[in-house]
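Colleague: I am new to this one, so could you walk me through it?
Modeller: Gladly; have a look first, then ask away.

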Amino acid sequence: MTSTDERTTLRRTVTTTGLFLFILGDVLGAGVYVLAGEIAGIAGGALWVPLVVALLLALLTAGSYAELATKYPRAGGSSHYANRAFGPFAGFLVGFCMLSAGVVSVGALALGFAGDYLGAFVSLPTFLVVIVFLGLLAALNTRGISESLGANRVATVIEVGGLLMVIVLGAIVIGRGEGDLGRLTELGTPENGPVAAVLAGTVLAFYSYVGFETSVNIAEETKDPARSYPRALFGALIVTGIVYALIGVVAAAVVPTEELAGSSAPLALVVEAAGIVPPVVFSVIALIAVANGALLTGIMSSRLAYGMASDGLLPRVLTRLLPARRTPWVAILATTALSIVLALTGTIDVLAGTMVLLLLVVFLSVNAAVLVLRRDRLEHRHFRTPLVLPIGGLASCLLLMTQVEWAVWRLGLPFLAVAAILAGIAAWRRRRAGADTGADADADAGADTAA
C-alpha cells in the first residue's frame, strides 16, 4: 500500500548528468542566436568582453542558488527560500514574480516559434501554432520529468552542436585569412565609451544566462541534491560562458561590426561567410532551441506553482498529481493556459522585457535570503557558498536594474503591483489561519481544564 508521503512527494529520478543538461539546455536558449549582434551594436567588436563579465555576475547569484537548493531541496525554489527567510508576504511576492516570469517567457517563446524561423518552412496562423505548440509541450511535461529531460538531452545536443558548428566555421574563415582579429580589441562605440559599453553590453549579455535559476525547482526530484546540484549548476554555467566567449570571438572577427549589429540572425552571417553549411540549417536549430527553452521553462513554472501550493501560497488544487505519473497535472494545465493567453495578446519584446525585470527582483531576494538563512542550521549535508558571492550578487542585481529601460519599468511595475497586492492577501490569510488555529487550541485547552 502506498504511503501518504509517497503520494505527496515527487519522485527522485534526476541524475547529475540530467541536471547538467537541463541547465545547459535552458541557458543555451534561442537568445544566443540573436543577441550577439545587439551586443556588438552596444559594446563594439570586443563583444566577448560583456559576455565574460555577464558570466561572472551570473556565477555570483548562482552561488546563492547552490546553497539554498541543496539546503532546502523543494520544488518551490525561490519562493520557498523567501518564505523561510522573510515570511509569507515575501514568499508569495517572489514566487509570483518567478512564476509570472516563467509563464511570460513561455508565451514569448511560443511567439518566437511561430515567427520567421517557422515561416521559412510553412505559413500557418500564429494562434494555431501557439495553441498546438504549447499543447504538445504540456503533454510531454505531464507524461513525466524523465521523458521531458530525455527530450531535453536530444535538443541540447543539437543546440550545442549548432553553436560549436559556428565556432568551427568561424575558425575556418579566420584560418583562411578572411577575418579581422583587430576587431576583438575594439571596445566602445561612438555612443558609448569603453566603460559604458561594457556596462550596457553586460546587461544585455546577462539575459543570455537567465535560465539557470529554473533548475532549483527540480531539486526535489534530484537523487542527491547536495552532490549533484552545485556540480551541475557551476559546470553548466562555465561551459556556457566558454561557448559564448568563443561565439563572440568568431562572430566579431568574421563579420564587420556594423553588419553584425544590424542583423537579427548574426550567427547565420558567420555560417554564410564560411560557405560550407547552408544558412537554412540555423532555422531548424533555432526552432529546436526555442522549443527546448519553452519545455524547460514550462517544467519550471508548473513545479513552482506546485511548490507554492504546497506552501499554502496558491490554491491546494495545484498540488494534485497524476496517480501513475506523479506529475503536477493541474499546475501544468494552469500555467500553460496562462502562457497561451499571453502569447495571443502580447508581443515578444514586451514579454521578454517584463520577464527580465521580474527575474532581477527574484535574484535580489535570493541573494538576501541566503544571508538571512545562514542562522538556520540543518543536519543534512549541503553546499555553503562563500559570503562574498551573495553580497556581490545583491550589488550586481541592483546595478543591472539601473540599466533597465524606463519602458520596461512602465510595463513591469503593474506585474509587481499585482504581486504585492496578492502577497498581502496571502500573508493576511496565513496570519488569520494561524490565529484561528491558536484560538482553537486555547479553546481545547480550556475545555480540558474545565473537565
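Colleague: Which helix gives the most to the nonpolar patch?
Modeller: This is a predicted model, where local features need pLDDT of at least 70, side-chain atom pairs count only at pLDDT 80 or more, and totals for chains, interfaces and linings use all residues. Residues are numbered from 1 along each chain as its sequence is written, and side-chain values use heavy atoms, leaving out hydrogens and water. The surface patch includes F127, L128 and I131. With 5 residues, the top contributor is helix 8 (residues 126-143).

Colleague: Is V122 buried, partly exposed or exposed?
Modeller: V122 belongs to the nonpolar patch and sits in the loop between helix 7 (116-119) and helix 8. Buried means under 20% relative accessible area and exposed over 50%, with partly exposed in between (1.4 Å probe, protein chains only). At a relative accessible area of 37%, V122 is therefore partly exposed.

Colleague: How many residues of helix 2 are buried?
Modeller: Helix 2 covers residues 16-27. Among its buried residues are G18, L19 and F22. The helix is largely enclosed by the rest of the structure, because the buried count among its 12 residues is 9.

Colleague: How far apart are the end C-alpha atoms of helix 2?
Modeller: The expected span is 1.5 Å times one less than the number of residues. For the 12 residues of helix 2 that gives 16 Å, which agrees with the distance in the model, 17 Å.

Colleague: What share of the chain's residues is buried?
Modeller: The chain has 18 helices and 0 strands (DSSP runs: H or I of at least four residues, E of at least two). Of its 451 residues, the buried share is 55%.

Notes: Patch = residues over 30% accessible without salt bridge, like charges linked within 9 Å, V, L, I, M, F, W, Y side chains within 5 Å. Areas by Shrake-Rupley, 256 points an atom, 1.4 Å probe, with all protein chains shown as cover. Salt bridge = Lys/Arg side-chain N within 4 Å of Asp/Glu carboxyl O.
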